[in-house]
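Colleague: Could you take me through the aromatic rings in this one? I'd like a close look at how they pair up and how much of them shows at the surface.

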Amino acid sequence: MELKLVEQLLEKYFQGETTIVEEKQLKAYFSSNDVAPHLAKYQTLFGYFETQKGTQFEQKLPLQPRKQSTVKWIGIAASFVVLFGLATFYFYPSEPKYEDLGTYDNPEEAFAATHKALLMVSEQVNVGMESVVYLEEYEKTKKTIFK
């Protein structure tokens, strides 16, 4: 085989553009004893392919079927949860908790209910204001320390 043809085929081979016939020509050239000295470095590459062609993978691979069954059971359980939720929502619709929406016909009753609600809110605000007193004391102390 001509040296120029081999070099052209090598370029095509490394570009990934060779055909199977051209690759067989390269393998035949590099398996012979008449390899050019500057191309001898590629001889081990093509020789490796020839030696590895006959090897077989003989190691057993462990199979793990348990993961598939676990995933299957998780999917089934999730389906039951969704179905149970839909059935509960459909068969037991929620009833309004407040039948009386706070409308009064008598103004005195409305005033008493409003007064009672405002007293409850006022108690909660007063509890919050007690905490603010501690914050004010903290701010005074901080200002005296960090001037």
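Modeller: Sure, one term before we start: buried means under 20% relative accessible area, exposed over 50%, and partly exposed in between (1.4 Å probe, protein chains only). Keep in mind that this is a predicted model, where local features need pLDDT of at least 70, side-chain atom pairs count only at pLDDT 80 or more, and totals for chains, interfaces and linings use all residues. Residues are numbered from 1 along each chain as its sequence is written, and side-chain values use heavy atoms, with hydrogens and water left out. The chain's mean pLDDT (the predictor's confidence in each residue, from 0 to 100) is 81.

Now the rings. Searching the whole structure turns up 5 aromatic pairs; rings of Phe, Tyr and Trp (its six-membered ring) pair if their centres lie within 6.5 Å, and planes under 30 degrees apart count as stacked, over 60 as edge-to-face and the rest as tilted. Take Phe-14 and Tyr-42: their pair is tilted, at 5.4 Å centre to centre with 50° between the planes. It ties together distant parts of the chain, since Phe-14 sits in helix α1 and Tyr-42 in the loop between α2 (20-31) and α3, 28 residues apart. Phe-14 is partly exposed at 47% relative accessible area, and Tyr-42 is partly exposed too, at 23%.

Tyr-42 also pairs with Phe-30, edge-to-face this time: 6.5 Å centre to centre, 70° between the planes. Phe-30 belongs to helix α2, 12 residues from Tyr-42, and counts as buried at 3% relative accessibility. Put together, ring pairs join Tyr-13, Phe-14, Tyr-29, Phe-30 and Tyr-42 into a cluster.

Definitions and conventions. Helices (H or I, at least four residues) and strands (E, at least two) are DSSP runs, numbered from the N terminus.
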